[in-house]
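Me: I'd like to talk through this fold with you, one question at a time. Here it is.

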Amino acid sequence: MKVTNLSSGSKGNCTFVCTDKTKVLIDIGINYKLLSQSLAEIGEKPENIDAILITHEHSDHIAGLECFVNKNKDVHIFAHNLVKEEILKKSPALSQNVFITFEYGNNFSVGDFSVHPMENFHDSKSCASFILSAGGGALGVCTDLGIITDNQVDMLSRCKVVYIECNHDINMLANCRYPKILKTRISGKFGHLSNDQCATACVKFAQNQTKVIVLSHISENSNTPEIAYSRVAEELELANQKNVLLLLAYQNKVGKTITIN
Ligand SMILES: [Zn+2]
Ligand SMILES: [Zn+2]
């Protein structure tokens with residue numbers, strides 16, 4: 001399988017994952033024009049997408065969904081039932097029939113992929129992270145969570161490639177222009193992972209099966225890609241984990257395509 005992040009951050013999230021036969025998106029928080037342009041950069045087209053896995057109903061994850069379904073009526077949308085209901089409230093014109101719902105912990109199939117959904121601590125109606133397996137390789141995509149559970153770390157550390165949230169630097173968050181209520185929300189149990197929390201999880205991934213870690217959903221106001229990267233790299237070095245490749249997912253740039261065998 002191959003994975004490419006198309007956009008990552010609070011202005012929109014979208015990741016493309018494919019095998020030879022199956023093409024899926026994880027989230028669609030970008031508009032159709034940007035999606036088309038981003039997919040064109042990697043030789044793909046929106047009309048060939050078979051399914052979209054939705055993590056949760058926050059707009060940075062679903063902003064492009066209604067337009068996509070209107071243009072591509074055959075697509076299947078996989079979401080937790082609570083997320084589906086919230087999406088239908090926001091987009092009542094969407095047909096119920098495009099949705100297929102899942103339960104956390106119950107694997108489901110999407111073409112060549114077996115998908116394992118896990119429940120995140122996050123302040124949406126519900127929020128999922130996903131492990132996609134195909135052809136002996138596994139990919140974990142885990143963003144939008146205030147804390148990461150031991151079970152999630154354990155499951156993700158079995159994946160060769162993990163996209164993990166590295167949202168904020170706690171000092172930058174404390175000093176940024178956000179109102180106090182938003183700072184409390186972001187740093188709380190149902191908010192987003194700090195660089196420190198992410199770094200601790202990354203050490204565990206690297207100590208197990210993970211070979212590539214992609215730092216994702218990096219805040220533009222309370223973090224920088226450089227600070228996120230150096231914080232995690234520092235922790236990996238302290239733990240003497242030198243055999244893991246550390247990459248970044250970007251808000252405004254298509255990321256590196258990673259092949260997982
Ligand atoms: Zn988000
Ligand atoms: Zn969210």
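Reply: One definition before we start: two strands pair if DSSP finds at least two bridges between them. Keep in mind, too, that this is a predicted model.

Me: OK, how many bridges join β1 to β2, and do they run parallel or antiparallel?

Reply: With at least two bridges as the cut-off for pairing, β1 and β2 qualify, since DSSP bridges between them number five. One position to look at is Asn5, which stands opposite Thr15 in β2. So, by bridges and sense: five, antiparallel.

Me: Which residue in the turn between β1 and β2 has a positive phi?

Reply: The two strands make a hairpin, and six residues lie between them. In that turn, a phi of about 145 degrees belongs to Gly9.

Me: And on the β3 side, which residue is the bridge partner of Val17?

Reply: β2 also pairs with strand β3 (residues 23-26), antiparallel again, over four bridges. The link from β2 to β3 is a hairpin of four residues. Within β3, Val17 has as its bridge partner Val24.

Me: Is β2 largely enclosed or not, and why?

Reply: In a regular strand, side chains alternate between the two faces of the sheet. In β2, Cys14, Phe16 and Cys18 point one way, Thr15 and Val17 point the other way, and all are buried. That makes five of the five residues buried, so β2 is largely enclosed by the rest of the structure.

Me: Moving on to α1, which residues are buried there, and which are exposed on the other side?

Reply: An α-helix has 3.6 residues a turn, so residues three or four places apart point the same way. In α1 (residues 32-41) the buried ones are Leu35, Ser38 and Leu39. They cover an arc of only 100 degrees around the axis, which puts them on the same side of α1. Exposed on the other side are Lys33, Ala40 and Glu41.

Me: What covers those buried residues of α1?

Reply: Buried here means 20 or more other C-beta atoms within 10 Å, so something has to supply the cover. Included in the cover are β1 (2-7) and β2 (14-18).

Me: Last one: which helix gives the largest share of the largest nonpolar core?

Reply: That core has 72 residues, and Val24, Leu139, Ile164, Cys202 and Leu215 have the most contacts inside it. The largest share is seven residues, from helix α8 (residues 195-207). Ile164, leaving aside neighbours within four places in sequence, is in contact with residues including Cys198, Ala201 and Cys202. The helix you asked for is α8.

Methods: Residues numbered from 1 in each chain as written. Chains lettered and ligands numbered in written order. Predicted model: local features only at pLDDT ≥ 70, side-chain atom pairs only at ≥ 80, totals over all residues. Core = buried A, V, L, I, M, F, W, Y, C linked by C-beta atoms within 7 Å. Buried ≥ 20, exposed ≤ 12 C-beta atoms within 10 Å, placed from the backbone. Contact = placed C-beta atoms within 7 Å. Arc of directions from axis to C-beta.
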